[in-house]
Structure formats: structure tokens, C-alpha cells
Amino acid sequence: MRKKFATITNSAVPLVFIGLLLVLWEYLVRVMAIQEWLLPGPLRILETLWGNLPLLLKHAQSTLLECLAGFVIAILISFILSFFMEEIPLLKRAFYPLLVASQTVPIISVAPLFIIWFGYGMLPKVIVVVLVCFFPIALSLLGGLAAVDRDYLELFRSMKASRLATFRMVKLPLALPSFFSGLKISASYSVMGAVIGEWLGAKQGLGTYMTLAQRSFQVDRVFAAILVVTLCSTALFTLVSLLERLIIPWNRKTEWRELE
Amino acid sequence: MPEIVVKGVQITLAGLLTLREINLVAADRSVTGILGPSGCGKSTLFNIISGLMKPDKGSVFIGGGDVMGKTGLVSYMHQKDLLLPSLNVLDNVSIPLVLRGMPRKAARTEAARHLQTFGLQGFESYYPWQLSGGMKQRAAMLRTYLFSSDTWLLDEPFASLDAITKRKMHTWLTGVLEQFRPTVLFITHDVDEALYLCDKVYVLSECPTVVKLEMSIPFSRPRQNRTILDQAYGAVRDAVMDALSI
């Protein structure tokens, strides 16, 4: 009983706090009579969101599609690369610095190149998403693989297990919790990646919608789009968390209990 | 058949002469204890016997055959249970069978036949984090047994357990040893544990390690809780303690 009460209070505290902030925002906008094209109040934003919902959903659809495509491709590349880098030490030494260096290149500066090379379609956006998502996923997977307790590996070696069997039965499962923490970071970044891609030139998507609204000083529309982007990121994050519970149910350390 | 013989084994690790000259024999179907101070290379010795490491000098024979650098001939049980957190008890203990190429389903059926003996019946679908320390070690022991039924290397299998659980495990293990009669090499820091379980005890010196004492334990197997009251017990225990210089 008490535990249940505690969970309710725990989720209520941030909700109440956010609610208070919104009320304060609305109040200040009204009292100070701030122009709508400068900063609209939350109620006005909700109104715009409701009014533009069909249009926003259409844009969100293509943004989400780019996200998911990029996300899945990033996962696949990470898995393949991590497997070879883990099993072939020379490859790891060769590739690792390159991997880190690739992250120091600002995405925003290379994204326009993709548009020059691949046009205004979906592909350049998907590439940006892949670039944004790939690094956290690959790094967490590699970290997880490297952190596997050596004693497990010795045990499997003493049982004459093949390298593939050891990878499949020991390394991969033990690296999955770390992999999922990287996946969660990527999930929340992926929408941002797609939006950046769309900003620089696209036919549709939330980024396009945002740039258009911005250019015509429809700040309420910009905020409505931001709200949709946030919701998409949260939805992807939640999806990954659900997948995590489904794929590694054994990793729920919080429900720890002892028998006997 | 599976007599373990270690002959003149020497190894230098990281520039330090770890094992100087180790000679020991674990007779067929007997339990042989190995006692020694921390860091004297007991685990290194096991790594050599199990084929994970190659010594600089000397050789290891199991059942008369030279097994240097050959893995997969003996079962090696570590102080840690090393159960995979991703698998339930039944899948964990059937790993050796699956690795040997048995289909997963057949491996499960085969492993399930032994759950009773290892005190795990009813827990087959539990994950390691749901088990107590004693149960985890029994599961690790079953996995050890399913890999090799006749030659076991046990590296301080009970070191992480509390005194009461440890005692219970001793009584239980005595029964298991009587039932399967494997050849066992047993590393421990606990003199009473060694005297309770072993037919023979080797005491190793500090680094560079040699065998300091080889002693047969005169009490008949299976031992009982009252073995400790045997008239000879005190003298045997003193001799081992002296060799350990405690």
C-alpha cells in the first residue's frame, strides 16, 4: 500500500511542477502583454497545435519514418562493426580512433553536403540520423563487450566452446544492458537528427514545417512543432525501454529478492 | 581411470617464479585437497591442469595421457558461480551439453534429470539473481558435473558462502561425491573443510611455490559431523596447520 502511494507521489511531483511552470508562463505572458509573434502562451500554443493537427501529423509521419530507418540502420552497422572489432583486436585498434574522430565533425556542417550529393529526398536525412545515432550505440555496445568478466570467458574456454558460441552465449547477452543504455540515448537524439536534416532543405517533415513557420514569424507554430518533436522523442525512448524489458527481462535488478 | 598426475610443473608469471616445482597425484576417484597461502599460485596450477595455460616446464597427465594445453578434458569450477544472468537455471546447467552439440531440448531433458540430486528441483525456471548463494553454487556444481562426470577441479567453491550454508554444502557434497565418485582436486583455505572432504591433502608453500606437505587423511569416507571428535583429528590438523605456519 505504502509503496503504491509512493509511486503515485513520485510521478505526481514532476507533473505538478511542470503544471506550475506552465501556469507561470501563461500568467507572465498575459500580465506583461507580450506580443504573440514574440512569445505565445501555452494555451495559444495548444490551440495552434489542435488547429494544425492533421498537417503536423503528416509532417511528423515522414520525420518519424526517417528516424526509424536511420535508427535501424545505425543499430545494424553498430552490431556488425562491434562484432568484428571485438573479435579482431587489430581492427579495434585501427577503427576506434576513427570512430571517436568521426564524432568531432559537426553534423550541421556536413549535412548540407548530403543534400548536394543526394538531393532533397529522404536519404540525406536518414544519413544524418544514422550519423547521430551510430556513435552512442556502437560505443555502448563495444563498452559492454569489453566489460564482460574474463572469468566467464575462461570458463567457456575450459569447456572448449567455439568463439562464435562464446560470443553468442556470453559476450552478447552480457553486453546487452550497456547496449540498451546507448540505444536510449540514440532514440532521443534521432528525432533531433532528422529535424536538423530537414531544416537544411526538404519537401516535408517537422523541420520543414518549423523553418516555414519561423520565416513568417508564426512562433506559436514553431512551439507546436517543438512539442510534437518532444512527443516523438519521448515515444521512441519509451519504445526502446519497452523493448529492453522484453528482450532482457533478467536485467531488472530492482526486483531483487532472495530465496531460502 | 582419471588419475591426475602433475609432474615437475614450473611457471614464471610476469617475471616472478610462481610455481617452482610442483609434483602431485590425485588418485582415481579420490578427493585431493590443495591448501596454501593466498597468491601461491593455486589457481595458476588449476589453469595449467585444465589446459588454459602452458607451464614452462613439467607435464600433466590425466588417466595416463599427456594433456598439456588441452582444454575440455576436466571440469573447472570457479569460486564465483559464473552463471549467465541471461539464462534460467535449467538453461545455465545445460550449457556444457549444448556446447557439445546436443540439441537444446534434449540437453534440457538430460539436465533436468539431475536437478533433484543438486537440490534445484522446482527452481529450473528461476534466474540466477533470484537464487541464494548456496543454490547458485549447487547450480554451478551441476554444470560442472554435466561437463565431466569424473574429473573435477574445484577452486574454492564455497569461499563466498556464510559458515552455516557452507556446512550444509559440505554435508550435501559428501553425498554427491559418494554417489558419483569423481576424481576431485579441491583448492581451499579452510583446513577443516579440507579434512572433512579430502582423502589426501597437499600444502603448498609461499611463492616460489613447492609442495611443503603431502598427507593422507586417515578417516574413512563418508565423513560425519563427528569425525572432528576422532582421536587422530587433532594431530592431523596440527600437522597441516604447522605446514601452513599458522
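**Exercise 1. Strand E7 of chain B and its partners**

How many bridges join E7(B) to strand E8 of chain B, and do the two run parallel or antiparallel? Determine also the pairing of E7(B) with E6(B) and the burial of the residues of E7(B).

*Solution.* The structure is a predicted model.

Step 1. E7(B) is joined to strand E8 (residues 183–188) of chain B by five bridges, and the two strands run parallel. One residue pair fixes the register: Asp155(B) has Ile187(B) in E8(B) as its bridge partner.

Step 2. E6(B) and E7(B) also pair in the parallel sense, over three bridges. Here Met77(B) stands opposite Leu154(B) in E7(B).

Step 3. The burial of strand E7 (residues 151–155) of chain B follows from a count of neighbours. A residue is buried if 20 or more other C-beta atoms lie within 10 Å of its own. Five of the five residues of E7(B) are buried, so the strand is largely enclosed by the rest of the structure.

Step 4. In a regular strand the side chains alternate between the two faces of the sheet. For E7(B), Thr151(B), Leu153(B) and Asp155(B) lie on one side and Trp152(B) and Leu154(B) on the other, and both faces are covered.

**Exercise 2. The sheet of chain B**

State the strand order of the ten-stranded open sheet of chain B, and explain why one side of E5 and of E6 is left without a neighbour in the sheet.

*Solution.*

Step 1. The order is E5-E4-E1-E2-E10-E9-E3-E8-E7-E6 (chain B), and the pairing is mixed.

Step 2. Strand E5 (65–66) and strand E6 (75–77) of chain B stand at the edges with a single partner strand each, so one side of each has no neighbour in the sheet.

Step 3. Gly65(B) belongs to the edge strand E5 of chain B. Gly65(B) has 10 other C-beta atoms within 10 Å and is exposed, the cut-off for that class being 12 or fewer. Between the C-alpha atoms of Gly65(B) and Lys212(B), which are 147 residues apart along the chain, the separation is 26 Å.

**Exercise 3. The hairpin and the strands beside it**

Trace the pairing from E1 through E2 and E10 to E9 in chain B, giving the sense of each pair.

*Solution.*

Step 1. Strand E1 (residues 4–13) and strand E2 (residues 16–26) of chain B run antiparallel and are joined by seven bridges. Within this pair, Ile11(B) has Leu19(B) of E2(B) as its bridge partner.

Step 2. The two strands form a hairpin with two residues between them, and in the turn Ala14(B) has a positive phi of about 50°.

Step 3. E2(B) and strand E10 (residues 209–216) of chain B run parallel, with two bridges. Leu19(B), already the partner of Ile11(B), stands opposite Thr209(B) in E10(B).

Step 4. The pairing of strand E9 (residues 200–204) of chain B with E10(B) is antiparallel, over five bridges. Val201(B) stands opposite Met215(B) in this pair.

**Exercise 4. Nonpolar cores**

Identify the residues that touch the most other members of the largest nonpolar core, and the helix that gives the most to this core.

*Solution.*

Step 1. The largest nonpolar core has 72 residues, and Ile49(B), Ala139(B), Leu153(B) and Phe186(B) touch the most other members.

Step 2. Helix H5 (residues 133–147) of chain B makes the greatest contribution to this core, namely eight residues.

Step 3. Beyond its neighbours within four places in sequence, Phe186(B) contacts Val31(B), Thr32(B), Gly33(B), Ile34(B), Leu154(B), Leu197(B) and Cys198(B).

Step 4. Another core lies apart, with 44 residues that include Cys67(A), Ala138(A), Leu141(A) and Leu206(A).

**Exercise 5. Chain contact and confidence**

Describe the composition of the contact between chains A and B, then report the confidence scores.

*Solution.*

Step 1. Chain B supplies 22 residues and chain A 20 residues.

Step 2. On the chain B side, helix H3 (95–99) and H5 are the elements that give two or more residues.

Step 3. This side of chain B divides into 13 nonpolar, eight polar and one charged residues.

Step 4. The model has an ipTM of 0.89 and a pTM of 0.82. For chain B the average pLDDT is 91, with 99% of the residues scoring at least 70. Among its elements, helix H8 (residues 233–244) has the lowest mean pLDDT (89) and helix H2 (residues 89–93) the highest (96).

Notes
Residues numbered from 1 in each chain as written. Chains lettered and ligands numbered in written order. Predicted model: local features only at pLDDT ≥ 70, side-chain atom pairs only at ≥ 80, totals over all residues. Core = buried A, V, L, I, M, F, W, Y, C linked by C-beta atoms within 7 Å. Helix = DSSP H or I, 4+ residues; strand = E, 2+ residues; numbered from the N terminus. Contact = placed C-beta atoms within 7 Å. Nonpolar A, V, L, I, M, F, W, Y, C, P; charged D, E, K, R; others polar. Pairing = 2+ DSSP bridges. pLDDT = per-residue confidence, 0-100.
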